[in-house]
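Colleague: I'm new to reading protein models. Could we walk through this one together?

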Amino acid sequence: MTQKILILPGDGIGPEIIAEAAKALECLRQEFGLDIGLEYGLLGGGAVDTLGSPYPMATDRQARAADAILLGAVGGPKWDGYDRPLRPEQGLAAIRRQLGLFANLRPTLHYPQLASLSPLKPELVAGLDLLVVRESTGDVYFGQPRGIRSLENGEREGFNTMVYRTSEIERIARVAFEAARRRHRKLCSVDKANTLETSQLWREVVEQVALDYPDVALSHLYVDNAVIQLVRAPRQFDVIVTGNLFGDILSNGAAMLSGSLGILPSASLDASGKGLFEPMHGSAPDIAGKGMANPLAAILSAAMLLRYGLQQPELAGRIERAVAQVLDQGLRTVDIMAEGMTPVGTQEMGDAVVAALAA
Ligand code: NAD
């Protein structure tokens, strides 16, 4: 049966990089029998301009009907002064909330061709292949009560509530165990169980879920130690699972181990595995329209869509190998270029990936 992919190019460099990802998917459709139909929709600033909302009803209908969603990026200075409900980023928050996308998957893969970009020594990151699974709809960011109140002595006090239910912990743990099963079968759960009750429950539930996954080796780390280990010896990790707050910080730290935002994809999944796939970077308004954006994060997001959204690991692998091949050939956009290299543009990079795919 033909699977429906909704493409939301978004703002800034979004349309430029997504066009290249769509070319890669189209190539797989034509050459390798991938049975998909591509449909386009509006999200973010462009949606505000055209339909008056960053997440219009029409997009919501398309998103619910789609089997998977591929997003570019949203936002830009044009909309920075708009009221909060009309800010492009609200479109992103709304689609995640409306579709119940609670599991955020962020892989960090080290490409030997880009070794010089990593802030860590090459021997520490060579072969790095890490996935952070972050719970993204709960925790202290959403817990009630929250606010800023005045105390009797006139001082003000800010407060938030860290809260996780067993059902929330269990479902994110299952996503992480399943992901580990498809990889190297090692899962590290990160918490702060030595000081936080929320984390004590987190650890208890993760251990309970682990009974269903005897083939996955589970370990635990306190978040402070996890930061040390990520910088000291990141290759010890396969999959890390953690809550929203710790995941926000750890996933960004892990991302930078590869050295460039322009090559990092991500996925946000719901309870049934349906997902939204997007580059980790933003809409890069400073380079939008110049044809110099790196399309590889978007192209690798299409690979994640195939692996996690459409259960097509073989075709996902084809895209990933094609990307490695163009890097081997020495092609670089300006953001991942080393001294003395001549950069290629967005389209040229996309064309090279398609040529490697079809070869
Ligand atoms: P950004 O990620 O857009 O850009 C940071 C820097 O990285 C810029 O110098 C940019 O030129 C460069 N860069 C990013 N992606 C690149 C690529 N593919 N190729 C080459 N260079 C690239 O972050 P920012 O500047 O903080 O934010 C710009 C806009 O994007 C803001 O409106 C922000 O709200 C939005 N944003 C959107 C998302 C999203 O849609 N998921 C995420 C982050 C930021």
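Modeller: Happy to! Helices and strands here are DSSP runs, numbered from the N terminus, with at least four residues for a helix and at least two for a strand. Keep in mind that this is a predicted model.

Colleague: How many helices and strands does the protein have?

Modeller: With those runs counted, the secondary structure comes to 12 helices and 12 strands.

Colleague: Why is the protein called as compact as a globular protein of its length?

Modeller: We compare two values for 359 residues. The globule rule gives 21 Å, and the radius of gyration is close to that, so the protein is as compact as a globular protein of that length. The radius of gyration is 21 Å.

Colleague: Which helix holds both Arg 64 and Asp 60?

Modeller: Their side chains meet in a salt bridge, at 2.9 Å from N to O. The two residues are four positions apart, about one turn of the helix, and both lie in helix H3.

Colleague: Is Asp 60 buried or exposed?

Modeller: Buried means under 20% relative accessible area. Its partner Arg 64 has 44% and is partly exposed. Asp 60 has 12%, so this residue is buried.

Colleague: What separates Glu 170 and Arg 174 in helix H6?

Modeller: The side chains of Glu 170 and Arg 174 form a salt bridge of 3.2 Å, N to O. Because they are four residues apart in helix H6 (residues 166-181), their separation is about one helical turn.

Colleague: Which residues are linked with Glu 20 in a network of salt bridges?

Modeller: The structure holds 19 salt bridges. In the network, Glu 20 is linked with Lys 23 and Asp 351.

Terms used:
Residues are numbered from 1 along each chain as its sequence is written. This is a predicted model: local features need pLDDT of at least 70, side-chain atom pairs count only at pLDDT 80 or more; totals for chains, interfaces and linings use all residues. Side-chain values use heavy atoms; hydrogens and water are left out. The radius of gyration is taken over C-alpha atoms; the globule rule is 2.2 Å times the number of residues to the power 0.38. A salt bridge is a side-chain nitrogen of Lys or Arg within 4 Å of a carboxyl oxygen of Asp or Glu. Buried means under 20% relative accessible area, exposed over 50%, partly exposed in between (1.4 Å probe, protein chains only).
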